[in-house]
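Okay, everyone, let's take a quick look at this one together. I'll put it up on the screen.

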Amino acid sequence: MFPTVQHYITWRLALGLDDEVVARVRQTDSPAVAAALEPALTEVEDELRLSVATEGYAARFRSDRASREFLESTDGLTLAFAATDQVWGIGVTARDHRARDPRRWPGSNLCGIALMRVRADLLLFG
């Protein structure tokens, strides 16, 4: 069991690639520390990151009814992680004028995509 989805994502991506990251993720309670370890995993492809994040978020939202209901209430909305992170986020902050237009996002928004996949799955299959 992991304290946060961020812990799970970083741990899962590091398995078989970086034993030190695996151990450090298990030793920290801080999601910020777990997230800071992930950039060391440069050889991980975005499709694997997306798959692991979707798996982690699915477990999280299936285990917490209130969170699940909140996520389901966003049906029809594009979810975005408004952060300068080019992989997990949209590549700009919410204050940047480009944040309102997905066509202008320099980032991949893997976090938002994973959440939208989980939402669709929950709405279709419960």
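I'll go through the core and then the pockets.

This is a predicted model, so to speak with the usual filters: local features need pLDDT of at least 70, side-chain atom pairs count only at pLDDT 80 or more, and totals for chains, interfaces and linings use all residues. Numbering runs from 1 along each chain as its sequence is written, and side-chain values use heavy atoms, with hydrogens and water left out.

So, the core. By nonpolar core I mean buried Ala, Val, Leu, Ile, Met, Phe, Trp, Tyr and Cys joined through side-chain atoms within 4.5 Å, with buried being under 20% relative accessible area, 1.4 Å probe, protein chains only. The largest one has 27 residues, and Ile9, Leu13, Tyr57, Phe61, Trp88 and Val118 have the most contacts inside it. Two or more residues each come from α1 (5–14), α2 (19–27), α4 (46–63) and α6 (110–125); helices here are DSSP runs of H or I, at least four residues, numbered from the N terminus.

What does Tyr57 touch? Leaving out residues up to four places away in sequence, Tyr57 touches Val5, Ile9, Cys111, Ala114, Leu115 and Val118, a contact being heavy atoms within 4.5 Å.

Now pockets: open sets of points on a 1 Å grid where a 1.4 Å probe fits, with protein on both sides within 12 Å along at least five of seven lines, and lining residues having an atom within 4 Å of a point. The largest has a volume of about 300 Å³. Its 13 lining residues include Gln6, Ala35, Glu38, Asp85 and Trp88, which lie nearest its centre.

How values were computed
Buried < 20%, exposed > 50% of the residue type's maximum accessible area, 1.4 Å probe, protein only. Points joined across faces, edges and corners; volume = space filled by probe spheres on them.
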